[in-house]
Amino acid sequence: MNASPVIDVADLTKVYMTDEVETHALTGVNLRVESGEYVAIMGPSGCGKTTLMSILGLLDAPTSGRYDLAGEPVAALDARRRAHFRNRNIGFVFQSFNLIGDLNVYENVELPLVYRGGMGRAQRREKVAAALESVGMLHRVRHYPAQLSGGQQQRVAIARALVGDPAILLADEPTGNLDSANGEKVMELLAQLNERGATLVMVTHDARYAAHARRLVRLFDGQIVAEQEGRRGGGSAQSPDAERN
Ligand SMILES: Nc1ncnc2c1ncn2[C@@H]1O[C@H](COP(=O)(O)OP(=O)(O)OP(=O)(O)O)[C@@H](O)[C@H]1O
Ligand SMILES: [Mg+2]
């Protein structure tokens, strides 16, 4: 039994207000993720997956509920402190890669370390090289994003998410803009990173990709409705092939 989970969320709610409309995107989410876990989140469009990831990733604040990240209560932080915490604890991989087009591969991956400060150029170079090496992109440091394939861009985005040794790596449909061959490569890479110790939470629509995870969480209408062991969880693991989204 692990004493302190990386993510510990209780009764989390999120209400979006737009004009006259109130959307209850999350209606009481409870989730604990221990260090070294690999969790896949699945559920139909609009069920709150991105909302949950944005809150877990400190891009947004919940309306109510408790969120402890690496032992620190973060639910009520203001935007500035949230950004500070995010920089140190979270690596985020988006569906659309989100690399900066004017910066080359090296500069894109270095950026989070520059923002964070407190690290000299030589130390940054070492970290960037290690991160790019771990995703097999060290041979493309001088390329710009537009000169890379989609799969390569996503591997660079993963290196950028990893470079600061975050407590947790969050990925919201990281294969959403990739063909199946590149998608499978990115998934294999994430699984390898997890085997080497990275803690991973990933949203996916695809049951084949969810099968890479050790644990599968199903979200429906803003709530977690089921949990099961992923295929890699071993033993009596139930196949998640029933997903129809
Ligand atoms: N910024 C926002 N303002 C108002 N409503 C929002 C906002 N973001 C999301 N919503 C609403 O909250 C609900 C959950 O949206 P969310 O993006 O979390 O769904 P999702 O599960 O990620 O869907 P998808 O699989 O299509 O990406 C939806 O009803 C959506 O319309
Ligand atoms: Mg989404």
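Axes here are lines fitted to C-alpha atoms, for helices over the stretch in contact, and angles run from 0 to 180 degrees between N-to-C directions. The model is predicted.

**Helix 3 against helix 4**

Helix 3 covers residues 105-116 and helix 4 covers residues 121-134. They pack at an angle of about 120 degrees, and their axes lie 10 Å apart. Angles of 65 to 115 degrees count as roughly perpendicular, and those over 145 as roughly antiparallel. Helix 3 and helix 4 are therefore oblique to each other. Their crossing is right-handed. Helix 3 makes the contact with Tyr106, Val109, Glu110 and Leu113. Helix 4 answers with Arg124, Lys127, Val128, Ala131 and Leu132. By class, the contact residues of these two helices are six nonpolar and three charged, with no polar residue.

**The four-stranded sheet**

Four strands make an open sheet, ordered 2-1-4-5. The pairing is antiparallel. Strand 2 and strand 5 (72-73) are the edge strands, and each pairs on one side only.

The bridges within this sheet are listed here, with one residue pair for each pair of strands.

| Strands | Bridges | Residue pair |
|---|---|---|
| Strand 1 and strand 2 | 10 bridges | Thr13 and Thr27 |
| Strand 1 and strand 4 | Five bridges | Ile7 and Leu69 |
| Strand 4 and strand 5 | Two bridges | Leu69 and Glu72 |

Leu69 appears twice: Ile7 stands opposite it in strand 4, and its bridge partner in strand 5 is Glu72. Strand 4 itself spans residues 64-69.

Strand 1 and strand 2 also form a hairpin, with two residues between them. In the turn, Asp19 has a positive phi of about 45 degrees.

**The six-stranded sheet**

A further open sheet holds six strands, in the order 6-7-8-3-9-10. Here the pairing is mixed. Strand 6 (90-93) and strand 10 (223-229) stand at the edges. Each has a single partner strand, so one side of each is left without a neighbour in the sheet. On average, neighbouring strands of this sheet are turned by 20 degrees against each other, direction ignored.

Strand 3 (residues 38-42) and strand 9 (residues 215-220) pair in the parallel sense. Four bridges join them. Val39 stands opposite Arg215 in strand 9.

Helix 1 packs on this sheet. Helix 1 touches strand 3, strand 7 (168-172), strand 8 (200-203) and strand 9. The direction of helix 1 makes about 155 degrees with that of strand 7.

**The shell around ligand 1**

Helix 1 (49-56) also takes part in the shell around ligand 1, as do strand 1 (7-18) and strand 2 (21-33). Each of these three elements supplies at least two residues. The largest share, three residues, comes from helix 1.

Which residues surround ligand 1? They are Tyr16, Thr18, Thr23, Ala25, Gly43, Ser45, Gly46, Cys47, Gly48, Lys49, Thr50 and Thr51. By class, the shell holds three nonpolar, eight polar and one charged residue.

Two parts of the model thus meet in the description of this site. Strand 1 and strand 2, the hairpin strands, supply residues to the shell. Helix 1, packed on the six-stranded sheet, gives the largest share.

Key:
Residues are numbered from 1 along each chain as its sequence is written. Chains are lettered from A and ligands numbered from 1 in the order in which they are written. This is a predicted model: local features need pLDDT of at least 70, side-chain atom pairs count only at pLDDT 80 or more; totals for chains, interfaces and linings use all residues. A residue is near a molecule or strand if its C-beta atom, placed from the backbone, lies within 6 Å of it. Ala, Val, Leu, Ile, Met, Phe, Trp, Tyr, Cys and Pro count as nonpolar, Asp, Glu, Lys and Arg as charged, and the others, Gly among them, as polar. Angles under 35 degrees count as roughly parallel, over 145 as roughly antiparallel, 65 to 115 as roughly perpendicular and the rest as oblique. A crossing is left-handed if the near helix is turned anticlockwise from the far one by less than a right angle, and right-handed if clockwise. Two residues are in contact if their C-beta atoms, placed from the backbone, lie within 7 Å. Two strands pair if DSSP finds at least two bridges between them.
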